[in-house]
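Visitor: I am new to this one. Could you walk me through the reasons behind a few labels?

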Amino acid sequence: MQHTILSDLEDFKRTNEHDLTEEDFEKITFYYGLAVPVIGELYCLLRGFKISHAERNALTYLGGTTGLFDDSFDKTGTSKEHLKELINNPSLELARNTRDKLLIKFYLKSLNQSPFVTRIKQAANSVFDAQVLSKKQTDIATSAQEIVDITRQKGGASILFYRAALEGEINETEQKLLLNIGFIGQLENDLFDIYKDREDGIRTLATISKSIPALRTQYQSIVSETFLIIDQANFPKANKRKFARMLAAVTTRGLVCLDQLEKLEHKGVFELSRYSRKQLVCNMGAPKNIMCWVVYYLRWNAKA
């Protein structure tokens, strides 16, 4: 990061007037910019090939674009046509503001680091389609099944977007695995964001739930299916084991959040509107939650 997006951001701040906040910069760097290459690193652990310098750079810049793209889509009122043009024909001449300029700069750098330009653009279009579809989450008429489909597509499209920058063709089993991992990641995010989404009027599987045990069953079913796909996939056994352990370290966090939400149920009914921010927000930095997380992971590891 020091030699890529951090250096670029220092130059950007020095040479451009902008309205980006420190929160925006933190999201670009220590959230997506850090997390996305880690996703690539873990996936390379599964396939058995060390991540290359070019792959790491491409993923770092793709991570940098993620928050900027989301905010352009959600907050700034940028037209769909303009965003489509940025994805398919990126050029600094298209920039309408400093956010656009930084987004295009990072996107171009990621494309310049990868031989899979067409594949990355195709994956970016899938992310765009998922973002368009997610707008339905503010509509009270959107059904529970539609929300399931949106959650799967939204999470899966993001993971496939990052995978597009890595070497190798993506076969059917691998695509199914990545879609499931993305689905889990999105659902887990929705669990931890339940208060924020309630306040913003966003319908997720967490905010529409009336039964946390039922939501837990749904979550665990997706997780179990994903571990089964890993087990059946054509990767070295030792690699699959390592990857499964890393994934379990992520998925067991969701169980801690589900525990907290389930305690709020009264007579078997979860009524989201009744609960405070403190009741809904699961602080994974709290010692008791860390201990609960460790216990869930150790239980999984003992059974695996």
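Guide: We will take some labels in turn and check each against its cut-off. Keep in mind that this is a predicted model.

Visitor: Why is the pair of Tyr61 and Phe106 called tilted?

Guide: A search of the whole structure finds 8 aromatic pairs. In this one, the ring centres of Tyr61 and Phe106 are 5.5 Å apart and the planes meet at 55°. Centres must lie within 6.5 Å to pair, and planes under 30 degrees apart are stacked, over 60 edge-to-face, the rest tilted. So the pair of Tyr61 and Phe106 is tilted.

Visitor: What makes this pair a tie between parts 45 residues apart in sequence?

Guide: Tyr61 belongs to helix α3 (residues 53-74), while Phe106 belongs to helix α5 (residues 98-112).

Visitor: How do you know whether Tyr61 and Phe106 are buried or exposed?

Guide: Buried means under 20% relative accessible area. Tyr61 has 5%, so Tyr61 counts as buried. Phe106 has 0%, so Phe106 is buried.

Visitor: What makes Phe161 and Tyr162 a tilted pair?

Guide: Their ring centres are 5.5 Å apart, with planes at 45°, so this pair is tilted. Phe161 is buried at 8% relative accessible area, and Tyr162 is buried at 7%.

Visitor: Why is Lys267 called exposed?

Guide: Exposed means over 50%. Lys267 has a relative accessible area of 76%, so the label fits. Lys267 lies in the loop between α11 (237-262) and α12 (277-280).

Visitor: How do you know that Arg253 lies over the face of Trp293?

Guide: Arg253 is 5.7 Å from the ring centre of Trp293. The distance cut-off is within 6 Å, and the charge must also be within 35 degrees of the ring normal.

Technical notes: Residues are numbered from 1 along each chain as its sequence is written. This is a predicted model: local features need pLDDT of at least 70, side-chain atom pairs count only at pLDDT 80 or more; totals for chains, interfaces and linings use all residues. Side-chain values use heavy atoms; hydrogens and water are left out. Helices (H or I, at least four residues) and strands (E, at least two) are DSSP runs, numbered from the N terminus. Buried means under 20% relative accessible area, exposed over 50%, partly exposed in between (1.4 Å probe, protein chains only). Rings of Phe, Tyr and Trp (its six-membered ring) pair if their centres lie within 6.5 Å; planes under 30 degrees apart count as stacked, over 60 as edge-to-face and the rest as tilted.
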